[in-house]
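Hi,

Here is the model we talked about, sequence and coordinates together. Have a look at it first, and my notes follow below.

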Amino acid sequence: MIDRNTPSTTRPPTTRGVRRGLEAGALALACSVFLVANVRASQPSKRTVAGDPSPQQFRSLITPDGIQFGLRQGPDKALAPAAFLFGSLLTEVLTSEHCCILLTAGYVCVALDAPGHGLDRATSEPPELRSWRHRLAAGRNFVSAVNTKLSSILDYLVAERIADPALVMAVGGSRGGFLVFHFAGSDPRVRGVAGLAPVTELRALDDFRGMHDHKLTASLSPICHAARLVGRHVLVIIGDRDNRVGTDHATALARQISKDAEGARIDLHVLAEPRGHHHPAATDELLRTWATKCLREDTTR
């Protein structure tokens with residue numbers, strides 16, 4: 001080993017040696033780039049159910065108009081009901097317990113990085129929820145932008161005979177819950193929507209303090225668009241002490257849907273949760289029951 005505090009007595013490399021070294025370095029770099037680029041193509045994830053002989057994987061796909069998303073499905077590649085999952089990063093939601101529950105129920109699971117997260121993050125703006133505020137302050141409606149992407153993904157899945165267009169659900173937690181209600185309201189093919197400890201009023205979050213009178217932000221409350229969920233299955237689960245997103249806001253959304261959306265079938269659960277903004281203990285079982293019920297009711301219509 002050469003002590004970096006003392007001069008080296010090693011002879012300087014020849015020109016040929018330098019060239020070979022650079023070529024080798026370039027080859028190594030190219031290999032590294034290739035490997036990193038393909039890590040997303042097939043990511044290992046958790047086992048779906050006890051006794052499943054092999055771990056499930058999700059695939060990274062791209063629509064014809066260049067939208068990258070993740071897809072996770074069981075061994076049967078036949079046409080299937082589809083569940084769009086929302087959270088922050090697609091890698092997180094497609095390896096979550098909620099994804100496993102939906103796979104076991106017979107759905108294929110689809111996810112897109114949320115605005116300001118993963119592939120949707122711009123280096124010129126702050127990350128995650130702060131990017132939502134940044135975009136809104138600049139007059140950019142990130143909700144309509146993501147809805148357009150999601151509908152394009154659904155078009156692709158239907159065209160490829162992966163997703164049954166008559167059996168599409170959207171499930172999201174927290175900020176993902178905010179997005180699912182907007183997606184369901186914008187695309188009538190989404191027959192069911194589940195918000196798990198969902199954000200239903202951006203201005204209730206500390207991240208949006210000072211934007212109470214901001215018209216675009218105010219207009220994006222899902223409560224304002226409850227009437228769009230006519231005839232849908234709706235599940236809302238919220239902890240009784242959720243001071244982050246607001247227990248009362250989530251309850252108000254469910255009640256507004258009941259009032260404004262004709263034919264909507266609403267399951268509202270306000271559950272004991274002393275930790276605040278967390279999924280209450282019964283969330284997984286309630287989601288499993290709801291997802292199965294949606295399939296049973298829609299396939300017997």
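**The largest pocket**

Strand 6 gives the most to the lining of the largest pocket, with three residues. Before going on, the ground rules: this is a predicted model, so local features need pLDDT of at least 70 and side-chain atom pairs count only at pLDDT 80 or more, while totals for chains, interfaces and linings use all residues. Residues are numbered from 1 along each chain as its sequence is written, and side-chain values use heavy atoms, with hydrogens and water left out.

A pocket here is an open set of points on a 1 Å grid over the protein atoms alone, with protein on both sides within 12 Å along at least five of seven lines; a cavity is a set of points where a 1.4 Å probe fits but cannot get out, and lining residues have an atom within 4 Å of a point. Grid points are joined across faces, edges and corners, and a volume is the space filled by probe spheres set on the points. Helices (H or I, at least four residues) and strands (E, at least two) are DSSP runs, numbered from the N terminus.

On those terms, the largest pocket holds about 300 Å³ of space. It has 16 lining residues, and Phe86, Gly87, Val93, Gly173 and His279 are the ones nearest its centre. At least two lining residues come from each of strand 4 (80-86), helix 2 (90-93), helix 3 (97-105) and strand 6 (163-173). By class, the lining has five nonpolar, eight polar and three charged residues. The classes are nonpolar (Ala, Val, Leu, Ile, Met, Phe, Trp, Tyr, Cys and Pro), charged (Asp, Glu, Lys and Arg) and polar (the others, Gly among them).

**Cavities**

How many cavities of 30 Å³ or more are there? The count is two.

- The largest has a volume of about 50 Å³. Its lining is Phe181, His182, Gly185, Pro222, His225, Ala226, Arg228, Leu229 and Leu253, which divide into five nonpolar, three polar and one charged. Helix 6 (residues 175-186) supplies the largest share, three residues.
- The second largest comes to about 40 Å³. Around it sit Phe86, Gly87, Ser88, Leu112, Asp113, Ala114, Val146 and Leu179, with five nonpolar, two polar and one charged among them.

Phe86 and Gly87 turn up in the second largest cavity's lining and also among the residues nearest the centre of the largest pocket.

**Helix 5**

Val146 from that second lining is also one of the buried residues of helix 5. Buried means under 20% relative accessible area, exposed over 50%, and partly exposed in between (1.4 Å probe, protein chains only). The others buried in this helix are Phe142, Val143, Asn147, Leu150, Ser151, Ser152, Ile153, Leu154, Tyr156 and Leu157.

Its length checks out: the 18 residues (142-159) should span 26 Å at 1.5 Å a residue, and the end C-alpha atoms are 26 Å apart. The expected span is 1.5 Å times one less than the number of residues. At the start of the helix, a side-chain oxygen of Asn141 comes within 3.0 Å of the backbone nitrogen of Val143. After the helix comes Arg161, with a positive phi near 55°.

**Salt bridges**

There are 14 salt bridges in the structure, each a side-chain nitrogen of Lys or Arg within 4 Å of a carboxyl oxygen of Asp or Glu. Some to look at:

- Asp207 and Arg244 have their closest N and O atoms 2.8 Å apart. This pair links distant parts of the chain, 37 residues apart: Asp207 is in the loop between strand 7 (190-196) and helix 7 (215-219), and Arg244 in the loop between strand 8 (233-239) and helix 8 (247-260). Asp207 is partly exposed at 24%, and Arg244 is partly exposed at 29%.
- Asp267 and Lys293 meet at 2.8 Å, N to O. They also link distant parts, 26 residues apart, with Asp267 in strand 9 (residues 265-271) and Lys293 in helix 9 (residues 283-299). Asp267 counts as partly exposed at 23%, as does Lys293 at 22%.
- Asp120, Glu125, Arg135, Arg140 and Lys149 are joined into one network by salt bridges that share partners.

Is Glu125 buried or exposed? Glu125 is buried, at 6% relative accessible area, and is found in the loop between strand 5 (108-111) and helix 4 (129-137). The side chains of Glu125 and Arg135 make a polar contact of 2.5 Å. A polar contact is a pair of N or O atoms within 3.5 Å; within protein, one must be able to donate a hydrogen and the other to accept it, and residues adjacent in sequence count only if both atoms are side-chain atoms.

Cheers
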